[in-house]
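Me: Please take a close look at the aromatic pairing in this structure. Then set that part against the rest of the chain, in one connected account.

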Amino acid sequence: MKTTAATPPRPLPRLDADNRAFWTGGATGELQIMRCANCAAFIHPPRPVCRHCLSDNVRPEAVAGTGIVDTFTVNYQPWYPGLEVPFVIARVALDGAPGVFLTTNIVGCPPDSVDIGDRVRVTFLQQEEIYLPLFEKID
Ligand SMILES: [Zn+2]
């Protein structure tokens with residue numbers, strides 16, 4: 001998904017060594033989540049040290065990119081000019097990455113069609129060098 005005139009720019013994260021794989025993995029179509037090579041736990045948001053075992057042997061790993069809507073809300077507030085409302089803000093539990101939840105948007109469907117437990121798949125919205133991981137429902 002590329003930015004179009006109908007898609008106003010979003011506030012973008014500042015890239016650093018820890019979060020670069022997460023925010024740019026969409027360039028190769030991969031959702032990259034930091035994982036500890038010592039205890040195998042996934043770590044999100046990405047950090048240089050595992051919060052479970054304090055190992056610094058952490059590295060990004062591609063996950064399936066699917067998950068389920070854990071909870072959600074519908075936003076009606078146009079927070080900045082050009083922002084199209086309503087839209088869904090959701091917390092997605094990722095498949096294959098226990099304990100990792102992404103706060104994201106569910107796109108490509110009417111907001112009132114989204115429900116807790118819906119199966120979703122990542123789709124990336126590119127803005128500059130950032131690939132924002134958004135999700136669409138799996139039919
Ligand atoms: Zn660990």
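Reply: With ring centres required to lie within 6.5 Å, the count comes to one aromatic pair in this predicted model. The partners are phenylalanine 22 and tryptophan 23, with ring centres 4.8 Å apart and planes at 75° to each other. Planes over 60 degrees apart count as edge-to-face, so this pair is edge-to-face. Phenylalanine 22 and tryptophan 23 are both buried.

Now the rest of the chain. The protein has one helix and eight strands, and the helix comes before the strands along the sequence. Of its 139 residues, 40% count as buried. The radius of gyration is 15 Å, which agrees with the value near 14 Å for a compact globule with 139 residues. Along the principal axes, the C-alpha atoms fill a box of roughly 45 × 30 × 25 Å. Among contacts with a separation of 6 or more, 53% join residues 24 or more positions apart. The accessible surface is about 7900 Å², and carbon and sulfur atoms make up 52% of that area.

Next comes the metal site. The zinc ion has four protein donors, the SG atoms of Cys36, Cys39, Cys50 and Cys53, at 2.3 to 2.4 Å. Along the chain these donors follow the spacing C-x2-C-x10-C-x2-C. The angles between the four donor atoms run from 103 to 115°, and the arrangement is therefore tetrahedral. For comparison, the ideal angle for four tetrahedral donors is 109.5 degrees. Two of the donors can be set side by side for exposure: cysteine 50 counts as buried because its relative accessibility is 0%, whereas cysteine 53 is partly exposed at 28%.

Several backbone features fall in loops. Most residues other than glycine have a negative phi, and most peptide bonds are trans. Alanine 40 is in the loop between strand 1 (31–36) and strand 2, and its phi is positive, near 75°. This alanine 40 is partly exposed, with a relative accessible area of 37%. Leucine 54, in the loop between strand 2 and strand 3, has a positive phi of about 70°. Leucine 54 counts as exposed because its relative accessible area is 65%, with the cut-off for exposed being over 50%. The loop between strand 2 (42–43) and strand 3 (58–63) also holds proline 45, which is joined to histidine 44 by a cis peptide bond with omega about 0°.

A second cis bond links valine 85 to proline 86, with omega about -5°. Proline 86 is in the loop between strand 4 and strand 5 (87–94), and its C-alpha is 6.4 Å from that of valine 74, although the two are 12 residues apart in sequence. Valine 74 belongs to strand 4 (residues 66–75). Leaving aside residues up to four places away in sequence, valine 74 touches Pro86, Phe87, Val88 and Pro111. With a relative accessible area of 24%, valine 74 is partly exposed, because buried would require under 20%.

Methods:
Residues numbered from 1 in each chain as written. Predicted model: local features only at pLDDT ≥ 70, side-chain atom pairs only at ≥ 80, totals over all residues. Heavy atoms only, no water. Donors = N, O, S within 2.8 Å, 3.2 Å for Na, K, Ca; no water. Tetrahedral: all angles 85-135°; square planar, octahedral: opposite > 155°, others 65-115°. Buried < 20%, exposed > 50% of the residue type's maximum accessible area, 1.4 Å probe, protein only. Helix = DSSP H or I, 4+ residues; strand = E, 2+ residues; numbered from the N terminus. Rg over C-alpha atoms; globule rule 2.2 N^0.38 Å. Contact = heavy atoms within 4.5 Å. Areas by Shrake-Rupley, 256 points an atom, 1.4 Å probe, with all protein chains shown as cover. Phe/Tyr/Trp six-rings, centres within 6.5 Å; stacked < 30°, edge-to-face > 60°.
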